[in-house]
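Student: Please give me a close look at one part of this model: the pockets and what lines them.

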Amino acid sequence: MRLLGIDTGGSSLKAAPVDATTGALASDIVSFPTPSPATPTAIGSVVRQIAAAYPGVTGPIGFAFPSVVKAGVACTAANVDKSWIGTDGARLVRDATGRPAAFLNDADAAGLAELRVGAGRGQDGTVIMLTFGTGIGSAIFHDGHLLPNTEFGHMEIRGMEAEHRAAARIRTIDQLSWEEWARRVNEVLARMHALFWPDLFILGGGVTENWASFGPLLESPTRIVPAELGNTAGVVGAALAAAEL
Ligand code: BGC
C-alpha cells in the first residue's frame, strides 16, 4: 500500500508516496514552497496541489506539522503562523482533498520513521530523536512506544530556549563554525542525558547531510547516531501514521 506523506517546514512542504509496509519512498521527495503567510487556508491549498500531483496515490494522507497536536488540533505555533493555533489539521486536509488524514507533530513523525525503519530499528529502552532545522524538534520512545508532543527544543538552557541556541538555523544566522555549533548541541545533549538517561540519541534534520563535519565533535555518555532517513524521515513517518488510521 502506497500512502502520501507530507512534512511541513518553514521554507517548504515536502511530499512523497511511501510504501507503508517497508517505509521506502515510492518516488523522490518533491518540495512545494511554504506560502507566506503560512495560514491554514494557504497551506490547505498547497496540500490540495500536492494531492493532485499524485493522482495514482489514494487513501489516507499523513500530514506532519511543527506544532503540538492534541486530539487532532494544533496547540502551538512556535515557528509558524499563529493562526494555526486551534486548527484541526486532519479536517483541513479532508476539506482540501476529500481524504482522511493523520495529523501529527513533525518530529514525532520523523522519530516514528527512524524507530520503525531507520537508525532506531530494533532498539529497546529509551530513544530520543532530535531534529535540527528552523527549530529543534523532539520525540522520545520507550521500547518503541512514542510519548507524543515532547517539546525539548523549548527547554531553557542558561536562560535561553535550546532551539534559540542550537537549531541549525542559528548556526547559519550566527555564522558559527562546526566546532562552535557542536558545543551548543553538546550542551543540549548533556541536559537531555541528565534528565532521561536515554539508550540512544538519533539526530536528524537537513543539517545531518554534514554529519562528517560535526558528528565526530558530539559528546555524550549515550551513543549518538545520525538519522538514517535524513531529511525524508518526516515524510516517511507521516505516511506510516496514516497507515495506522
Ligand atoms: C516546535 C515543535 C517542532 C520543532 C521542529 C519547534 O519550534 O515547537 O513542535 O517539532 O520546532 O520543527
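Student: By class, how many nonpolar, polar and charged residues does the lining of the largest pocket have?

Tutor: Polar wins this count: the lining of the largest pocket has 25 polar residues, alongside twelve nonpolar and six charged ones. (Nonpolar is Ala, Val, Leu, Ile, Met, Phe, Trp, Tyr, Cys and Pro; charged is Asp, Glu, Lys and Arg; the others, Gly among them, are polar.) Keep in mind that this is a predicted model, where local features need pLDDT of at least 70 and side-chain atom pairs pLDDT 80 or more, while totals for chains, interfaces and linings use all residues. Residues are numbered from 1 along each chain, and side-chain values use heavy atoms, without hydrogens or water.

Now the space itself. The largest pocket (an open set on a 1 Å grid, with protein on both sides within 12 Å along at least five of seven lines) holds about 770 Å³, the space filled by probe spheres set on its points. It is lined by 43 residues (an atom within 4 Å of a point), and Gly-9, Asp-106, Gly-133, Thr-134 and Gly-135 are the closest to its centre.

Which elements help build that wall? Strand 1 (2-8), strand 2 (12-19), strand 8 (126-132) and strand 9 (136-142) are among those giving two or more residues to the lining of the largest pocket. On the helical side, helix 3 (106-117), helix 5 (168-173) and helix 8 (233-243) also give two or more. (These are DSSP runs: helices are H or I over at least four residues, strands E over at least two.) In domain terms, domain 1 (2-109 + 232-243) and domain 2 (123-227), with bounds from an automatic or database assignment, each put at least three residues into the lining of the largest pocket.

Next, the runner-up. The second largest pocket encloses about 270 Å³. Its lining takes in 17 residues, with Phe-103, Leu-104, Leu-112, Leu-146 and Ala-241 the closest to the centre. Those 17 split by class into ten nonpolar, four polar and three charged residues. Strand 7 (101-105) and helix 3 each supply at least two residues of this lining, and strand 7 provides the largest share, four residues. Helix 3 is therefore a name to look for in both places, as it gives residues to the lining of the largest pocket and to that of the second largest.

Where does the second largest pocket sit relative to the domains? It lies between domain 1 and domain 2, because both give residues to its lining.

Technical notes
On a 1 Å grid over the protein atoms alone, a cavity is a set of points where a 1.4 Å probe fits but cannot get out, and a pocket is an open set with protein on both sides within 12 Å along at least five of seven lines; lining residues have an atom within 4 Å of a point.
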